[in-house]
Amino acid sequence: MKSITTILCFLLLVSCTKPEVAREVSVIPLPDSISLGEGTFILSAKTVIVAEGKAVAVAEYLRDFLKKATGLEVPVTDKRKKNAIILSLEDGLSGSKNSKEGYTLSSTSKNIVIKARAAEGLFYGVQTLRQLLPPEIESPTVKSDVVWSVPAVTISDQPQFAWRGMMLDCSRHFFPVSHIKNVLDQLAARKMNRFHWHLVDDQGWRIEIKKYPLLTTTSAWRVDHEDQHWNERPAQKPGEEATYGGFYTQDEIREVVAYASMLNIEVVPEIEMPAHVSCVFAAYPQFSCSGKKMTVLPGGVWPVTEIYCAGNDEVFAFLEDVLTEVIELFPSKYIHIGGDEATKTNWESCPKCQSRIKTEGLKNEEELQSYFIKRIEKFLSSKDRNLLGWDEILEGGLAPRATVMSWRGFAGGIEAARTGHDVVMSPTDFCYFDYYQGPKESEPLAIGGYLPISKVYRFNPIPDSLTMEESKHILGGQANLWTEYIPTPEHSFYMMFPRLDAMAEVLWTNPEKKNYEDFVHRLDRQFERYSNSGINHSKNIY
Ligand code: TNX
């Protein structure tokens, strides 16, 4: 409460100082502490950015960012000058609890100083500076007649959670690299640091794998029934051409990973198994139990019974080949292997799967799934990567070092944390951005459910039932955007915004400082930023 009152006082102060630059201090996610000084820094043709060593990359990012809307070529220099934005790396910085992502920012009429222990913190200081500037700073083209002012403030800040993520499903609908980069920009603006890239699902394979070219010549393309309801699309008929889809080349993936890394975002690829992979059997039918040649599904079919055969060693050889290429492309510590919603009826009748159950001494098909995941985990561990999977990977016994992404509520995450496994919380009730964000009549067709922004704001990744010790395993949380009903980049932004702002605050801001009314007030200012950057968003917040 104290901080809210303080902020309100600042707002008053800021708007009283200089009428021509009167503006509120409005930052999302809310920083740990803000106090207002006197005066205003004006960004001008005289401004320089001062940086050395590892701070230079952040300085160059800031220079390029500022140029777009201001048209100013703010030079990066290692010499201290007047009217400077100083980015300074310092050990043992006080006030930011030594977090790598923490920072302090202080601005006066003379200069702006951002200090952090690491480049990550400097980057987030820069993101805060972005929001201290007028909303026109978000414009992709030069805006004239704007006073580029920054109110005098002292901010000290650090994140609540280490994992602040969002997942985008690029299988159900394919989104171009340009859009992925736009999404990354928006994540970074909100100090989010994980992009979970859902690259494989029944409706299309989206990542080039050199050793298996049919995955992208065949499995990435489906017959185009985009004009029909997702659940009513007829399967591809003989002679019909598969023209809808796409995939990311390995060069594009490297480009996205490098772009994200500049934004302090780790890209976590998801390569589904053993289910949600029927598109693979359009190209390589030998990897399912039945061996039946499939066509890539143009819409929803449930359940999809064709899954990888767990009794066939060639399947594991294939998956190891695929993962080897994936690991080379993604430096991420985590590789997400899906693991969700495997209908195991084919395993029940498959002689190879049944023989595996016998030779491995397994009790049932659930344990066969656990065998599958453990075998993949062993492989990933041998490459020094951590396996991450949806909470179904708990069934039949969790792989020894696996990290769990809990989506069917909190229960899977709680169970995993209690047994010493790390957890990312993304329960449907609070994190599914494919659900409606307002009354159905006033929203575009969505998959169902109801998740208004006020509920996103109430999300707490740490369940009350965990002890302090257990809750250390909760790395954080993430929003998931499944795209069955989201065919275009603009629509995907519509579903993300403004809910992503609430998620960002949940994951960054100290929960004791959260206040929904204050957040909504700041969101008003945020909408001005949306309109400057051309972000499509729902207006159904109130
Ligand atoms: C469940 S969440 C799924 C997805 C769907 C989503 C729709 C999860 C691991 N699996 O395949 O797209 O529901 O909300």
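Here are three short exercises on a predicted model of a protein chain with a ligand.

**Exercise 1.** Find which residues surround the ligand, and sort them by kind.

*Solution.* Start by picking out the residues around the ligand: Arg172, His276, Asp340, Glu341, Trp390, Trp407, Tyr432, Asp434, Ile447, Trp482 and Glu484. Next, sort this shell: five residues are nonpolar, one is polar and five are charged. Finally, look at the space that the ligand takes, which is the second largest pocket.

**Exercise 2.** Work out which atoms of the ligand lie within 3.5 Å of a polar side-chain atom of Asp340, Glu341 or Glu484.

*Solution.* Take Glu484 to begin with: an N or O atom in its side chain is 2.6 Å from an oxygen atom of the ligand. Then turn to Asp340, where a polar side-chain atom lies 2.9 Å from a ligand nitrogen atom. For Glu341, the distance from a polar side-chain atom to a nitrogen atom of the ligand is 3.4 Å. To finish, consider how covered the ligand is: alone it exposes 370 Å², and the protein buries 92% of that.

**Exercise 3.** Describe how the chain is divided into domains and how these meet.

*Solution.* First mark the bounds: domain 1 covers 4–157, and domain 2 covers 163–509. Their C-alpha centres lie 37 Å apart. Now look at the contact, which takes 15 residues from domain 1 and 16 residues from domain 2.

Terms used
Residues numbered from 1 in each chain as written. Predicted model: local features only at pLDDT ≥ 70, side-chain atom pairs only at ≥ 80, totals over all residues. Heavy atoms only, no water. Near = heavy atom within 4 Å. Polar contact = N/O pair within 3.5 Å; in protein donor to acceptor, adjacent residues only side chain to side chain. Areas by Shrake-Rupley, 256 points an atom, 1.4 Å probe, with all protein chains shown as cover. 1 Å grid on protein atoms, 1.4 Å probe; cavity = no way out; pocket = protein on both sides within 12 Å on 5 of 7 lines; lining within 4 Å. Sits in = over half its atoms within 2 Å of the grid points. Nonpolar A, V, L, I, M, F, W, Y, C, P; charged D, E, K, R; others polar. Domains from an automatic or database assignment. Contact = heavy atoms within 4.5 Å.
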